Amino acid sequence: MITVKNLHKHFGDLEVLNGIDQHIKPGEKVVIIGPSGSGKSTFLRCLNLLEKPTSGQIFFEGAEITAPKVDIDAIRCRMGMVFQQFNLFPHLSVMGNVTLAPITHKLMSKEQAQKRAMELLTRVGLPEKADAFPKQLSGGQQQRIAIVRALAMNPDVMLFDEPTSALDPEMVGEVLDVMKRLAEDGMTMVVVTHEMGFAREVGDRVLFMDGGLVVEEGTPGEIFDHPRQPRTQDFLRKVL
Amino acid sequence: MFSTLLLGAAEAVSSNIFDQWWLAIKDKALAGNLDFWENIYKEIYQNVLYNNRWMNYLRGLGITLEVSFFAALFGLLLGVLLALMRLSGVKPLEKISGVYIGIIRGTPMLLQVLIINFGIFGSIAIDRVIIGVIACGLNSAAYVSEIIRSGILSVDKGQTEAGRSLGLSNWQTMRLIVFPQALKTALPALCNEFITLIKETSILAYIALTELTKAGDYIRSKTYSAFTPYIVSGILYLVVTGVLTKLLGKLERRLRQGDNR
């Protein structure tokens, strides 16, 4: 579904990604772990071109999205993204947040979009918050709404950029539960996270990144129980 | 001189109570020994009541409001355009906007008005109200654009990223997500700019547009009262800016309540 070939990203002289090759299959759950500054968020943000790669190629559903003149907006419609800081739109109600993109893209009528939004809100347990504004909600609720907002576009893949890192500890669980259920429904997911429990439980494949490279990858069992690289072993010793 | 200026009053038909009150103290006035309150009445009578002179102020006020309203509208539209140009990331547009703002903010408004009146429209017969709207609007736009720009910059980058990640175009993200939030932040400064604009239209007196300041000045040229006509104009400015401040304060409070919904 997503193929990445020799991806490089520099910020000025700083090399953040040093050549990444990856292939993500439909339905696969890929979890990216690694120390801060390892380039994992940048890698994720390159996948929907929020960061423009310095060199390399990215293919999504057969089309090269790094090609010049590609309609990136059309591609992003099929890639949902969830941010660390939620980034809900504070001037819109929950319903407004969720229906804005489908209505603006004319994918659905307002009524259809609202009906769909209510279905999704019910799935994450927040149907009664449809008329609330983001500021009235807890962090965990906001992040669940942010997931719903991305899902409202019916994306083929969901990108999660440290979705629980800005949450109070007691709210992490409710967001992870939503993500687990999404995984069970067969969504293709790429998740940057520090939640090792989630990585182990949900991930089909775990990538350990350091220094702008994928240092080691494998099943959760391979990575967490039998890491081969010293850097992986060192990192896991610190976080587990 | 004093008597010539009273002449008009003497000839007026004593048709209303104000004229009668004046006639009652007129001889004392000519003799120059009015008491404090009589003196105040004389000033008001000559500068406001006599010969429907109050109409001059109201006509002036009307023109001030007319020029201010259309100049504010023009300035807002052009200001938003300049701000978007400045933030467009397109170098020539940024440059044009930056140079425009630099020139407008770096030169006196009076000079700009004179250049537009005598330089640009010098040989064209055109209503001075329109010249006033253009001059004040062009000036205000530079300040408005900086207010709007800082409003847009105050919106978190994550908002743009969230919009773009949903497949919205740059313009859709700006229009639907960034701009509404920017406007709310910019509103107090924007209100200040509108109030400033109302006061600054007084500069148009210099090109003989009979707005509120010029109206007061015109009465002074008739009555030679140094204070009263300007004070009447001043009170009218205060009423307008006062009402506007109140209204905008209400609007602001309403928007802020929205935060806590």
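This is a short tour of the structure in your viewer, from a whole chain down to single residues. Keep in mind that the model is predicted.

**Stop 1: chain B as a whole**

Select chain B and show it as a cartoon. How many helices and strands does chain B have? There are 11 helices and 0 strands. Follow the chain from its N terminus, and the elements read α-α-α-α-α-α-α-α-α-α-α. The radius of gyration of chain B is 25 Å, whereas the globule rule gives 18 Å for 261 residues, so chain B is more spread out than a compact globule.

Now switch to the C-alpha trace of chain B. Turn it to view each principal axis. The trace spans about 85 × 50 × 25 Å along these axes.

**Stop 2: inside and outside of chain B**

Stay with chain B and show all its atoms. What share of its 261 residues is buried? The buried share is 42%. Look next at the contacts in chain B with a separation of 6 or more: 70% of them come from residues 24 or more positions apart.

Turn on the surface of chain B. Its accessible area is about 14,000 Å². Carbon and sulfur atoms hold 65% of that area.

Then colour chain B by charge. You will find 25 positive and 18 negative charges. Take the mean position of each group, and the two points lie 8 Å apart.

**Stop 3: a glycine in a loop**

Select B:Gly32. Where is this residue? B:Gly32 sits in the loop between α2 (17–31) and α3 (36–49) of chain B. Is B:Gly32 buried or exposed? Its relative accessibility is 62%, so B:Gly32 counts as exposed; the cut-off for exposed is over 50%.

Keep B:Gly32 selected and add B:Arg128. These residues are 96 residues apart along the chain. Draw a line between their C-alpha atoms, and the separation is 41 Å.

**Stop 4: two cysteines in chain A**

Move to chain A. How many disulfides does the structure hold over all chains? The number is 0. Select A:Cys46, which is in no disulfide. The nearest cysteine sulfur belongs to A:Cys77, 20 Å away.

Select A:Cys77 as well. Why is there no bond from its sulfur? The closest cysteine sulfur, in A:Cys46, is 20 Å away, and that is too far for a bond. A disulfide needs the two sulfur atoms within 2.5 Å.

Finish with accessibility. A:Cys46 has 0% relative accessibility, so A:Cys46 counts as buried. A:Cys77 has 15%, and A:Cys77 counts as buried too. The cut-off for buried is under 20%.

How values were computed:
Residues are numbered from 1 along each chain as its sequence is written. Chains are lettered from A and ligands numbered from 1 in the order in which they are written. This is a predicted model: local features need pLDDT of at least 70, side-chain atom pairs count only at pLDDT 80 or more; totals for chains, interfaces and linings use all residues. Side-chain values use heavy atoms; hydrogens and water are left out. Helices (H or I, at least four residues) and strands (E, at least two) are DSSP runs, numbered from the N terminus. The radius of gyration is taken over C-alpha atoms; the globule rule is 2.2 Å times the number of residues to the power 0.38. Buried means under 20% relative accessible area, exposed over 50%, partly exposed in between (1.4 Å probe, protein chains only). Contact means heavy atoms within 4.5 Å. Accessible areas come from the Shrake-Rupley method with a 1.4 Å probe; for residues, only the protein chains shown count as cover. Lys and Arg count as positive and Asp and Glu as negative; His and the chain ends are not counted. The place of a charge is taken as NZ of Lys, CZ of Arg, CG of Asp or CD of Glu.
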